[in-house]
Amino acid sequence: MSATTGTPPDPSVVRVPGPWTHRAVSANGIRIHLAEYGPPTGPLVVLLHGFPEFWWTWRHQLLALGDAGYRVVAPDLRGYGDTDKTPRGYDLWTLAGDCAGLIRALGEPRAHVVGHDWGAAIGWTVATLHPRLVVSLTGLGAPHPVVMRDAVLRDPLGQGRASRYMAGFQLPRLPERSLRADGGARIMRAWAGPEWAATTDFADAVARNAEAMRISTVAHCSLEYYRWSMRSQVRPDGRRFARELSRPVGVPVLQVHGADDPCVLDTTMRGDERFAGAGLTHHTLPATGHFPQQEHPTHVTALIGAHLQRCDG
């Protein structure tokens, strides 16, 4: 956003040039922007970002997995980047439908789903509600949605305290104003591990995310995810959603979590075992915050690649 005019950036600013291809795909009633890399005949891998980011968070994995022979796509989620910003649809039912629709629109019968933060919650939901479309699931920085709900309620001084920022996001207008003011930079600094936060790569990621967050209505749309999450707990649709997600997924699950993640406790993440019917592999990375795919890209990509190979074999 220009400091002099206050004009929001054009959504096309997220189409960062690189060896990947940018395009838009129609799925689940919206237009989804994505970055794509890798051979078109390779197994499909869908990388789902979280808050307060956009597809760029997966730049390292996009290239490495593509070079390993996978067809890799990293979309902007509904309400982010150059994807449509709809007035509604920020519930996990609809967001999972976006991912399922994207897999079908790309002409593939199944895909490996990899998600970070909200992308991980969407991944668990897709694997449960659309099981035929998912080969494997990888989650970073966020647990199964029901595990998260239960941990907040049962451990108010632990996970409940770590999640207290979500309560602040329920206020009207003020959170949007704060997000637009600094583009989410304060949040990223608070959530990142100190080693990565001292690098130029972190500074570049903060600058790019800030520009993407200042695109018109993105701040509001990104906060609607949290508002649905909390408010649905006392609504019939939230209780129905929890019941629908109460069965284990039938695909292998990989989890990668930062030991210093201030948002999600490692004990909370390990609660996912009860929903990983086909087995859970959990890795806790020392000296790592909320963004392991950016903080330790080589290690995390190797873990994801090995998981995909096991599932393809």
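# From a partly exposed turn to the sheet and its helices

Asn28 is partly exposed, with 39% relative accessible area. This is a predicted model, and Asn28 is a good place to enter it. The residue sits in the loop between β1 and β2 (30–37). Its phi is positive, about 55°, although Asn28 is not a glycine.

The strand before that loop leads into the sheet. Eight strands form an open sheet with mixed pairing. Their order is β1-β2-β4-β3-β5-β6-β7-β8. β1 (21–27) and β8 (280–285) stand at the edges. Each has a single partner strand, so one side of each is left without a neighbour in the sheet. From one strand to the next, the twist averages 20°.

Now take the strands β3, β5 and β6. Strand β3 (residues 44–48) runs parallel to β5, and four bridges join the two. Leu48 has Gly115 in β5 as its bridge partner. On to the next pair: β5 (residues 111–116) and β6 also run parallel, joined by six bridges. Here Gly115 stands opposite Gly139 in β6. Gly115 is thus paired with Leu48 and with Gly139. How many of the residues of β6 are buried? Seven of its seven are, and the strand is mostly covered.

A helix lies against this sheet. Helix α15 (residues 297–312) packs on it and touches β3, β5, β6, β7 (253–258) and β8. The direction of α15 makes about 160° with that of β6.

Go back to the loop after β3. Pro52 is found there, between β3 and α1 (59–67). The peptide bond from Phe51 to Pro52 is cis, with omega near 0°.

The loop after β5 has its own backbone feature. Asp117 lies between β5 and α3. Its phi is near 60°, a positive value in a residue other than glycine. Is Asp117 buried or exposed? At 6% relative accessibility, Asp117 counts as buried, because the cut-off is under 20%. Asn28 also has a positive phi, but Asn28 is partly exposed at 39%.

Past Asp117 comes helix α3 (residues 118–129), which meets helix α2 (residues 92–105). Their axes come within 9 Å and cross at roughly 80°. That makes α2 roughly perpendicular to α3. What does each helix bring to the contact? From α2 come Leu92, Trp93, Leu95, Ala96 and Cys99. From α3 come Trp118, Ala121, Ile122, Thr125, Val126 and Leu129. Of the residues in this contact, 10 are nonpolar, one is polar and none is charged.

The loop after β6 holds His144. This residue lies between β6 (134–140) and α4 (145–154). His144 is buried, with a relative accessible area of 0%. Where does its side chain reach? It comes to the backbone nitrogen of Val146, at 3.0 Å. Not counting residues up to four places away in sequence, His144 touches Trp124, Leu245, Asp272 and Phe275.

Two more buried residues sit in helices. The first to visit is Val218, in helix α11 (residues 218–231). At 1% relative accessibility, Val218 counts as buried. Val218 and Lys85 are 133 residues apart in sequence, yet their C-alpha atoms are 7.2 Å apart in space. Lys85 is also one of the contacts of Val218, leaving aside neighbours within four places in sequence. The others are Gly79, Tyr80, Gly81, Ala212 and Met213.

The second is Gln294, in helix α14 (residues 292–295). At 2% relative accessibility, Gln294 counts as buried. Which side chain does Gln294 meet in a polar contact? The partner is the side chain of Thr57, at 3.0 Å. Leaving aside neighbours within four places in sequence, the contacts of Gln294 are Glu53, Thr57, Arg59, Trp196, Asp201 and Ala205.

Technical notes. Residues numbered from 1 in each chain as written. Predicted model: local features only at pLDDT ≥ 70, side-chain atom pairs only at ≥ 80, totals over all residues. Heavy atoms only, no water. Axes fitted to C-alpha atoms, helices over the stretch in contact; angles between N-to-C directions. Parallel < 35°, antiparallel > 145°, perpendicular 65-115°, else oblique. Contact = heavy atoms within 4.5 Å. Nonpolar A, V, L, I, M, F, W, Y, C, P; charged D, E, K, R; others polar. Buried < 20%, exposed > 50% of the residue type's maximum accessible area, 1.4 Å probe, protein only. Polar contact = N/O pair within 3.5 Å; in protein donor to acceptor, adjacent residues only side chain to side chain. Pairing = 2+ DSSP bridges.
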